[in-house]
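User: Please take a close look at a single strand of this chain and describe its surroundings in detail. I should then like to see that strand placed within the wider architecture.

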Amino acid sequence: MTSYPNRQSSTYSNLGKAEHAIDGNSDPEWKHYSCSSTAYETKPWWRLELPGVYRVSEIQVTNRNAKRKRLNSVEIFIGNSLVNNGNDNPRCAIINDDPGCLTQTVKCWGMAGRFINLYRSFDVADALTFCEVKVYGEPAAPSMSIQKMGRNITIVGTRLCWSDALLYCRDSHWDLLSLIGPEDQEMIDELVARATFPLTSQLWVGLRRSPSGSSWFWMSGDPMDFTRWDEGSHHSSLCGGTSSQMPYFPPPPDTGRGHIRPPTHSPPPERERKSATAIGAPRLCKTRKLKGCNARYHRVSSR
Ligand SMILES: [Ca+2]
């Protein structure tokens, strides 16, 4: 994986830009503009930001051919959190300079995350520097994103019950999508039209019905003011989805909320459950706090 955003806690000079560590060039010579380097500081870090959640199998790190001790006690973290700049995520390994080889490989055994951090926690100021990082893995789930007007919406191609989807999106992205305007529905339509992986007929969104009544609400807290429910909707469900079927009916201008509807709540057929298991979704929900949403559909997420 290369050419993805990367950052470091500071930069020593143009010779040591963060992107030099993923430029595809493992040249260990500092003066050849192939190595990254922070300034002299305590607790320096470098971070690679992947375009989605990946299961990382292994990571290769190439040290410089001089100042090699600076790679000692460097920790590698993988996860989805940016708390403490990502340095609080689960740790894959602690590495040290390998006297026998400038490039070393650590196994991460499928740890999942969007952020790969290299971090040295020492209180003694020094530079964090290396010349190439190669990350090997595969997407945790197929996904597609679209960004317009500062809003990013992702559709993820795996199947979970609504409550698991909510937790997944909050952990891996930002939140399960709450549609705050007609442009969100248009973005979903565009994503659905361009999807390169199979979709189920409905997509989970952050729409929830009060267990005690018929009122619906967005998980984001945005006002719930549309009334254009899809004909044939089954209002017995506690969880909301939006159709992935074409063609769509355009929303009337007075509501502007589109074709949102609560999904039918019949259990998926056995064939679909097997399919879900085959692509990694659990057969049972991990969460049981929110009952009544155990059907598995694809989901959309937003941040
Ligand atoms: Ca390099």
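Analyst:
**Strand β12 and its setting**

In this predicted model, strand β12 (residues 202–209) is largely enclosed by the rest of the structure, because eight of its eight residues are buried. In a regular strand, side chains alternate between the two faces of the sheet. For β12, one side carries Gln202, Trp204, Gly206 and Arg208, and the other carries Leu203, Val205, Leu207 and Arg209; both faces are covered, with the residues of each side all buried. The buried set thus includes Arg208 and Arg209, one on either side of the strand.

Two pairings of β12 can be described. With strand β14 (residues 239–243), β12 pairs in the antiparallel sense over four bridges. Within β14, Cys239 is the residue that stands opposite Arg208. With strand β13 (residues 216–218), β12 is joined by three bridges, and these two strands also run antiparallel. Here Arg209 of β12 stands opposite Trp216 of β13.

The wider chain gives this strand its context. The protein chain contains three helices and 16 strands, and buried residues make up 39% of its 303 residues. Among contacts between residues at least 6 apart in sequence, 76% join residues at least 24 apart.

The largest nonpolar core comprises 55 residues, and Ile59, Val133 and Ala165 are those with the most contacts inside it. Strand β3 supplies the largest share of this core, eight residues. The core draws at least three residues from each of domain 1 (6–139) and domain 2 (143–302).

Strand β3 spans residues 45–62 and includes Glu49. Is Glu49 buried or exposed? Glu49 counts as partly exposed because it has 14 C-beta neighbours inside 10 Å, a number that falls between the limit of 12 or fewer for exposed and that of 20 or more for buried. Glu49 also illustrates a long-range approach: Ile116 lies 67 residues away in sequence, yet the two C-alpha atoms are 6.6 Å apart in space.

Helix α1 (residues 162–172) offers a helical example of a mostly covered element, with eight of its 11 residues buried. These are Trp162, Ser163, Asp164, Ala165, Leu166, Tyr168, Cys169 and Ser172. Among them, Ala165 is also one of the residues with the most contacts inside the largest nonpolar core.

Key
Residues numbered from 1 in each chain as written. Predicted model: local features only at pLDDT ≥ 70, side-chain atom pairs only at ≥ 80, totals over all residues. Pairing = 2+ DSSP bridges. Contact = placed C-beta atoms within 7 Å. Core = buried A, V, L, I, M, F, W, Y, C linked by C-beta atoms within 7 Å. Domains from an automatic or database assignment.
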